[in-house]
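Me: I've got a sequence and a model on my screen, and I'd like to know what earns each label people put on it. Can we go through them one at a time?

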Amino acid sequence: MTSPDLKSALSSFCTGVAVITARGAGGRPAGMAVQSFSSVSPDPPLVCFCPARTSASWPRIEAAGAFAVNILAADQEELCRRFAVTGGDKFAGVPWRAGGNGAPLLDGVLASVECDLEGVLDGGDHLIVLGRATALAAHRDGPPLLYFRRSYGSLPSPSSSSMSASMPAARSRSEA
């Protein structure tokens, strides 16, 4: 198995997209887009994400000791692309407010989760970052921004009949 084979196979898995933010040295904000965000445990309340070891933003986020996960809405692809690049002022012209832990909470996101850095584990060419959720909020309704086969997309509106028409009826385990 080669790395391109793995990437190709895993690109068939659809993920949501989030922006991890923190207040770095001197109060300067730092941020990075991730598609590797996940809930780990409700008790204790843990989440994780996986930055590349080569990330220029991760060391600034780690040094802050606290961060926010900003869960992006379907209409925030441009915002995602801004935070997915290396260098530059990613926050220029981006409205945000400081969360309780000081991390930037981006305007217009679906939800935010404020976290204290709980631990960092080895994950090969990536790191596995555990955060303990300390505050969370749902900010608006709407479909999430999704990443699938190296492209962005979204779910159809829940009221859309096309979703129910294209999805087979769910069966319980006992019916299988």
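Below, each label is set against its cut-off.

Me: Before we start, what kind of model is this, and how many helices and strands are in the protein chain?

Reply: It's a predicted model. The protein chain has four helices and twelve strands. Of its 176 residues, 34% count as buried. Among contacts between residues at least 6 apart in sequence, 63% join residues at least 24 apart.

Me: What makes Arg140 and Asp75 a salt bridge?

Reply: The cut-off is a Lys or Arg side-chain nitrogen within 4 Å of a carboxyl oxygen of Asp or Glu. Here the N to O distance is 2.6 Å, so the pair passes the 4 Å limit. The two residues come from distant parts of the chain, 65 residues apart. Arg140 sits in the loop between β10 and β11, and Asp75 in the loop between β6 and α3.

Me: Why is Asp75 called exposed, and why does Arg140 count as partly exposed?

Reply: Exposed takes over 50% relative accessible area, and Asp75 has 59%, so that label fits. Arg140 comes in at 33%. Buried would need under 20%, so a value in between is called partly exposed.

Me: How do you know that Arg81 and Glu77 pair up as well?

Reply: Their side chains meet at 2.8 Å, N to O, and the limit is 4 Å, so this is a salt bridge too. Both belong to helix α3, and because they are four residues apart, about one helical turn separates them. Arg81 is partly exposed at 46%, and Glu77 is partly exposed at 29%.

Me: What about Glu118 and Arg132, what ties them together?

Reply: Their closest N and O atoms are 3.1 Å apart, which makes a salt bridge. Glu118 is in strand β9 and Arg132 in strand β10, so the bridge ties parts of the chain 14 residues apart in sequence. Glu118 has 40% relative accessibility and counts as partly exposed; Arg132, at 30%, counts as partly exposed. The structure holds four salt bridges, and the ones we've covered are among them.

Me: How do you know that Cys48 isn't in a disulfide?

Reply: A disulfide needs two cysteine sulfurs within 2.5 Å. For Cys48 the closest cysteine sulfur is in Cys50, at 5.2 Å, so the gap is too far for a bond. By this rule the count for the structure is zero.

Me: Why are Cys48 and Cys115 called buried?

Reply: Buried means under 20% relative accessible area. Cys48 has 13%, so it qualifies. Cys115 has 0%, so the label holds there as well.

Me: What makes the largest nonpolar core a core, and which residues touch the most other members?

Reply: Members must be buried residues of the nonpolar kinds, joined through side-chain atoms within 4.5 Å. This one has 17 residues, and Ile20, Met32, Phe49, Trp58, Ile61 and Phe67 touch the most other members. The elements giving two or more residues to this core are β2, β3, β5, α2, β6, β9 and β10. Apart from this core lies another of twelve residues, including Val19, Phe83, Leu106 and Tyr147.

Me: Which residues does Trp58 touch?

Reply: Leaving out residues up to four places away in sequence, Trp58 touches Met32, Phe49, Pro51, Leu117, Val120, Leu127 and Val129.

Me: Where is Arg23, and why does it count as partly exposed?

Reply: Arg23 is in strand β2. Its relative accessibility is 32%, so it counts as partly exposed. Arg23 and Gly102 are 79 residues apart in sequence but 6.3 Å apart in space, C-alpha to C-alpha. Besides Gly102, its contacts beyond four places in sequence include Arg28, Ala64, Trp96 and Pro104.

Me: What makes a residue part of the lining of the largest pocket, and which element gives the most?

Reply: A lining residue has an atom within 4 Å of a pocket point. The largest pocket has 34 such residues, with Lys7, Gln35, Ser36, Cys50 and His126 nearest its centre. Its volume is about 1200 Å³. α1, β3, α3 and β11 each supply at least two lining residues, and α1 gives the most, with four.

Conventions
Residues numbered from 1 in each chain as written. Predicted model: local features only at pLDDT ≥ 70, side-chain atom pairs only at ≥ 80, totals over all residues. Heavy atoms only, no water. Buried < 20%, exposed > 50% of the residue type's maximum accessible area, 1.4 Å probe, protein only. Contact = heavy atoms within 4.5 Å. 1 Å grid on protein atoms, 1.4 Å probe; cavity = no way out; pocket = protein on both sides within 12 Å on 5 of 7 lines; lining within 4 Å. Points joined across faces, edges and corners; volume = space filled by probe spheres on them.
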